[in-house]
Protein chains: 2
Amino acid sequence: MITGEKTTPAKNIKTLQVIQSEVENKNHIALSVDCVIFGFDEAKLEVLLIRSDLKKYAGKWSLLGDLVFPSEDLDAAAYRILKQRTGLSDVYLEQVSTFGTANRHPAGRVVTVAYCSLINVQHHKLNILDNELHWHDIKKVTDLAFDHQQIFDTCLKQLQKRVQEHPLGFNLLPKKFSLRDLQNLYEAILDIKMDRRNFRKKFFTMDFLIDLNEMEQDVPHRPGKLYKFNFEKYEKQKKKWIGIDF
Amino acid sequence: MITGEKTTPAKNIKTLQVIQSEVENKNHIALSVDCVIFGFDEAKLEVLLIRSDLKKYAGKWSLLGDLVFPSEDLDAAAYRILKQRTGLSDVYLEQVSTFGTANRHPAGRVVTVAYCSLINVQHHKLNILDNELHWHDIKKVTDLAFDHQQIFDTCLKQLQKRVQEHPLGFNLLPKKFSLRDLQNLYEAILDIKMDRRNFRKKFFTMDFLIDLNEMEQDVPHRPGKLYKFNFEKYEKQKKKWIGIDF
DNA sequence: ATTTAAATGTGTAAATAATACACATTATTA
DNA sequence: TAATAATGTGTATTATTTACACATTTAAAT
């Protein structure tokens, strides 16, 4: 496991002070955001976690979260917090659910709104490495701090549902990719194995792939054909589908 | 349109005072819940609305909402507020989404969590009729107070999605119902017409209906057969389906 | 009593989508 | 040159969805 770079404790302390004053006031509710950032890497699905700030959860991993500012749009807070904790911008965040059990945070009353995203680990550099920010294989994620295990489970379920409703993953692969790459993506997210022939058939009939007439390079076996996504066709099609965009 | 019974303004005034003090404090965020209660009545889908308390939205309709108490579970707040404003209990509420634009509430910073439900209008008596609490045909709902139109639209979409994933409506019909009743329910929620034969076929193959060998009474046409739901079979089946319960 | 109106009840063919399944081909590596 | 490890391809089967028309039953009207 990778050891994080040197942390910048000053920021964390400040954050904790804010939490203290906000959260220990029994007369109102503090509002936070937690980001569940899923990352696709090679053929694995991972999630971004940091070490918990709190003594109670010392040693445990937790999601990327912080308090919402009083005059800040909720969505804006999610983007700010993600940026602050990871350096990531250019990442689309989607609200998933709000968790508001009264005793979910040991320091006081904090209701949290969970946001989720899915990115390609190779395409995004983490610039901030406080609190041992790392990617974790989702299959090894257990026993997170706070109620973060529940939040994580909820977000993973939602992601799996989404990927079956819409052909996601357009931004998760290199510009040129093989059908094997694409299938790996789906198999990693859904945690299932698929039939190669049926998978290909399905994607070809959807007609979102453009054949580049190029082949993979430097693979230790017969190289596959390379494709790119037909974004234009996808966008047109998307408008016909009912439901919320992703 | 029905005129509400005598209101009990004391409660509303108190609520408003709480909102004032909570919301006008620029140093923190107030948290509220809004309930979108859909009602099925005869063959129409309706929603419960009240007149807005605020001068800014005088005359406009709004959802059933109020502030969450500092030490109250979020879900519990939703049930309390529904009970408080309508007298309804025994109604299952499902969280839909959280709305947190900074300027969504004119009195100050209020983030609201939307909850939604679907009940049979005939099965539930509204005991509290403050602020002209009424059922409104969903097709005539426009221009609600605050961002309530957006919240309403989001909840309606979610309801329509849900009803296509799971056979809802088990509690929305009389114990004995005809297939026409059932089809009316689906057509009202989804706002579409369906083919009668295919609809029947679908429900029979799902095998959730028990033939009661009884006929409708007092209908001005050929009476249909009556059925009841096979709750046991439904519950067994439900466990196999992925996703959140409803 | 007869007719009319308005619904119920029923089956089949066609189209579409989902699934299961096996072998020849191509490039790399040993 | 042989072995390895993938890619690329097609068809039959099954299940699901859709489209569609006519005889039947009751109540209400004449």
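## Surface near DNA strand C

A residue is near a strand if its C-beta atom, placed from the backbone, lies within 6 Å of it. In this predicted model, 18 residues surround DNA strand C. The closest are A:R222 from chain A and, from chain B, B:R180, B:R197, B:G224 and B:K225.

Three helices each supply at least two residues of the surface near DNA strand C. Chain A provides helix 5 (196-206), and chain B provides helix 4 (179-190) and helix 5 (196-206). By class, the residues of this surface comprise 10 charged, 5 polar and 3 nonpolar.

## Contact between chains A and B

Between the two protein chains, 23 residues of chain A are in contact with 23 residues of chain B. On the side of chain A that touches chain B, the elements that give two or more residues are strand 5 (94-99) and strand 6 (110-120) of chain A. Strand 5 of chain A accounts for the largest share of that side, with 3 residues.

The side of chain A that touches chain B has 9 polar, 8 nonpolar and 6 charged residues.

## Relation of the copies

A turn of 180° and a shift of 0.1 Å along the axis lay chain A on chain B with an RMSD of 0.1 Å. This is the relation of a two-fold axis.

Of the interface residues of chain A, 100% are also interface residues in chain B, so the copies meet through the same surface.

Terms used:
Residues are numbered from 1 along each chain as its sequence is written. Chains are lettered from A and ligands numbered from 1 in the order in which they are written. This is a predicted model: local features need pLDDT of at least 70, side-chain atom pairs count only at pLDDT 80 or more; totals for chains, interfaces and linings use all residues. Helices (H or I, at least four residues) and strands (E, at least two) are DSSP runs, numbered from the N terminus. Ala, Val, Leu, Ile, Met, Phe, Trp, Tyr, Cys and Pro count as nonpolar, Asp, Glu, Lys and Arg as charged, and the others, Gly among them, as polar. Two residues are in contact if their C-beta atoms, placed from the backbone, lie within 7 Å. Copies are superposed by least squares on the C-alpha atoms of residues with pLDDT of at least 70 in both.
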